[in-house]
Amino acid sequence: MPQHAKTRDRRIYQRQHRETDLDCRLGTHMPLKDFVVATPRQLPVLILADVSGSMIHESKIETLNRSISEMLRSFKELVETDYEITVGVVTFGGFEARLHHPLAPVAGYEWRDMPAEGRTPLGHALTLAHDVLEDRAQVPSRSGKPVVVLASDGIPTDEWEEPLQRLLLSPRAGRATRFSVAIGNDIDEQAMHVLERFAKDGAEGVIRAENAHRIVEFFSWLTMSISQQAVSGQADFQPPPLTGRAADVVVE
């Protein structure tokens, strides 16, 4: 056998021996090239926030900003969770919806307050939400069931029924746990109909936030429920009843 062939075979043997020795010390028989560090499953949370001009009144947009910011702060403080919480925010106001913050782990989240102006293009927001939730790069197949919240105080100003139907029939968004938050004490029957159509449990899935305190109360409850799921690793979102819970944040 040529000398270069002997040298090659000896190097192959030495490499295989080193890999086998490390496998034994790691308690595994898999080759080094197949050894992958396990990553936690993701728990996606997507907020669809109405930032139309009417949200300026009665401190609605200020309270919504504060509530989401407090939720993110609480998620960042969690340790040793079975799920990695990811949060995304879609805003709709003016003439279009925007991805205010992409769906991402909360560890690197820097919250920017949402300004409010213009109309209520909910249909565009539902389309964006669909695209985010159905994107496997943003919501891997191992992820937990998404939690999606629609918070609004009025009637959509664009075509919303077809985008909603597409969202509800999609594989991931359709199985998501969905809540609607009806903001304000003057929300009318047509706006409530839209929110009921979106919510997972119809009218039972609509939270009436007649004032700022109720907005804070809902997000405090949502934060606690998602945190419990992330720590326990349970597969389905099983929150405690909202009725009777006091807000953890005081709104001046």
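**Figure 1. Aromatic rings of helix 6 and strand 5 in the predicted model.** Phe218 and Trp221 are 3 residues apart in helix 6, which means that about one helical turn separates them. Residues three or four places apart in an α-helix point the same way, because each turn takes 3.6 residues. Phe218 and Trp221 form a tilted aromatic pair, with 5.7 Å from centre to centre and 40° between the planes. Phe218 and Trp221 are each buried. The structure holds 4 aromatic pairs. In the pair of Phe179 and Phe218, the ring centres are 6.1 Å apart and the planes stand at 65°, so the arrangement is edge-to-face. This pair links distant parts of the chain, since Phe179 belongs to strand 5 and Phe218 to helix 6 (residues 212-232), 39 residues apart. Phe179 is buried, as is Phe218. Ring pairs join Phe179, Phe218, Phe219 and Trp221 into a cluster.

**Figure 2. The buried face of helix 5.** Within helix 5 (residues 189-198), the residues Ala191, Met192, Val194, Leu195 and Phe198 are buried. Viewed down the helix axis, the buried residues fall within an arc of 155°, so they line one face of helix 5. Their cover includes helix 3 (122-133), strand 4 (147-152), helix 4, strand 5 and strand 6 (206-209). At the start of helix 5, the backbone nitrogen of Gln190 has a side-chain oxygen of Asp188 within 3.3 Å.

**Figure 3. A salt bridge between Lys60 and Asp153.** A search of the whole structure finds 7 salt bridges. In the one shown here, the side chains of Lys60 and Asp153 meet with an N to O distance of 2.8 Å. Lys60 lies in helix 2 and Asp153 in the loop between strand 4 and helix 4, so the pair ties together parts that are 93 residues apart in sequence. Lys60 and Asp153 are both buried.

**Figure 4. Salt bridges of helix 4 with helix 3 and helix 5.** The side chains of Asp131 and Arg166 meet in a salt bridge at 3.8 Å, N to O. Asp131 in helix 3 and Arg166 in helix 4 are 35 residues apart, and the pair links distant parts of the chain. Asp131 is partly exposed at 39% relative accessibility, and Arg166 is partly exposed with a relative accessible area of 42%. Arg197 forms a salt bridge with Glu161, in which the closest N and O atoms are 3.6 Å apart. Because Arg197 lies in helix 5 and Glu161 in helix 4, the pair ties together parts that are 36 residues apart in sequence. Arg197 has a relative accessible area of 28% and is partly exposed; Glu161, at 41%, also counts as partly exposed.

**Figure 5. The surroundings of Arg172, which is buried yet has no salt bridge.** Arg172 is found in the loop between helix 4 (161-169) and strand 5 (177-183). The nearest side chain of opposite charge is that of Glu134, 4.7 Å away. Because a salt bridge requires a nitrogen and a carboxyl oxygen within 4 Å, the separation of 4.7 Å leaves Arg172 without one. Beyond its neighbours within four places in sequence, Arg172 is in contact with Leu133, Glu134, Asp135, Arg136, Val139, Pro140, Ser141 and Pro146.

**Figure 6. His101 and its polar contact with Tyr109.** His101 is located in strand 3 (residues 96-105). With a relative accessible area of 14%, His101 is buried. The side chains of His101 and Tyr109 make a polar contact at 3.1 Å. When neighbours within four places in sequence are left aside, the contacts of His101 are Val87, Gly88, Val89, Tyr109 and Glu110.

**Figure 7. Positive phi values at Glu58 and Ser59.** Most residues other than glycine have a negative phi. Glu58, which is not a glycine, has a positive phi near 55°. Ser59, likewise not a glycine, has a positive phi of about 60°. Glu58 lies in the loop between strand 1 (41-50) and helix 2 (60-76), and Ser59 lies in the loop between strand 1 and helix 2. Ser59 is partly exposed, its relative accessible area being 38%.

Methods: Residues numbered from 1 in each chain as written. Predicted model: local features only at pLDDT ≥ 70, side-chain atom pairs only at ≥ 80, totals over all residues. Heavy atoms only, no water. Helix = DSSP H or I, 4+ residues; strand = E, 2+ residues; numbered from the N terminus. Buried < 20%, exposed > 50% of the residue type's maximum accessible area, 1.4 Å probe, protein only. Lys, Arg positive; Asp, Glu negative; His and termini not counted. Contact = heavy atoms within 4.5 Å. Phe/Tyr/Trp six-rings, centres within 6.5 Å; stacked < 30°, edge-to-face > 60°. Arc of directions from axis to C-beta. Polar contact = N/O pair within 3.5 Å; in protein donor to acceptor, adjacent residues only side chain to side chain.
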